[in-house]
Amino acid sequence: MGVIQISDHVYQLELPLVNVFLLELNQELVLIDVGPYKSKRLLYQLICETGRDPLKIAHIVITHAHYDHTGALSAIKKDTNARVYMQADDASLVSKGIAWQPTNAIASFLMTTFTLGGKIKFPFINIKPVTADEFIESGTILLNELLVITAPGHWKNQVVLLMQSDGGLLFAADSAENISGLKLSSENQDRRIASSSLKKLSALDFSKAVFSHGKPIISSASEIFRKTFG
Ligand SMILES: [Zn+2]
């Protein structure tokens, strides 16, 4: 746990389950993902360590609905009234307080059975609902700086972000992990689609890459991606 400075205006904030990212763009604070439910206090502490005021978060970009990326969203939005950006289908889930949904009939049946038709709540499924302020899709350029790219496989609606300044910085979300070496995320809805998303990302140029799970790559990142996934 702690803070890693990635570039002049980007910090990796390490929460127990996930990394989230604090950016300062045009003197405004931007968070990429927020961490699970109850991580707000620790997140605010880490933001204070960077010398910034957590209550000044102006924008929150969510890469995908999973609870480790969205759980604290409701609490942080209440405190900051930050503008929330999300892919439209994930925004629809999160607006209903859903962070995960089965994608096939068997899993759907099992979930309905185990939750007694939704009566029993699970932290990885149920979050506090939040309404997104703006939908993002592939090709959207956020805040003049962050190119949105869809990267399904780990999760059907996942997006990653490419920051175009400073030689390129890829916020890879859960498209890949770098815990013990760079590899495909260990959890995928569809491994084949996840692989082809990574091939697509490997064709881009970026010098740095950061991950929701694992260590940052701080130079020659797209070359390393191409060697690993290309
Ligand atoms: Zn995920």
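**View 1. S7 and V10 in the pairing of strands 1 and 2.** S7 stands opposite V10, a residue of strand 2. The model shown here and in the other views is predicted. Strand 1 and strand 2, the latter covering residues 10-14, run antiparallel and are joined over 5 bridges.

**View 2. The open sheet of 7 strands.** The order across this open sheet is 1-2-3-4-5-6-7, with mixed pairing. Strand 1 (2-7) and strand 7 (134-136) form the edges, each pairing on one side only. With direction ignored, neighbouring strands of the sheet are turned against each other by 25° on average.

**View 3. Helix 3 across strands 5 and 6.** Helix 3 comprises residues 73-80 and lies across strand 5 (57-61) and strand 6 (83-87). The angle at which helix 3 runs to strand 5 is about 155°.

**View 4. Helix 4 across strands 6 and 7.** Residues 88-95 make up helix 4, which lies across strand 6 and the edge strand 7. Relative to strand 6, helix 4 runs at about 120°.

**View 5. The setting of the close-ups in the whole chain.** In total, the chain holds 7 helices and 14 strands. Its radius of gyration is 17 Å, close to the 17 Å given by the globule rule for 230 residues, so the chain is as compact as a globular protein of that length. The C-alpha trace spans about 50 × 40 × 30 Å along its principal axes. Of the 230 residues in the chain, 44% are buried. Among contacts with a separation of 6 or more, 61% are between residues 24 or more positions apart.

Key
Residues numbered from 1 in each chain as written. Predicted model: local features only at pLDDT ≥ 70, side-chain atom pairs only at ≥ 80, totals over all residues. Pairing = 2+ DSSP bridges. Helix = DSSP H or I, 4+ residues; strand = E, 2+ residues; numbered from the N terminus. Axes fitted to C-alpha atoms, helices over the stretch in contact; angles between N-to-C directions. Contact = placed C-beta atoms within 7 Å. Rg over C-alpha atoms; globule rule 2.2 N^0.38 Å. Buried ≥ 20, exposed ≤ 12 C-beta atoms within 10 Å, placed from the backbone.
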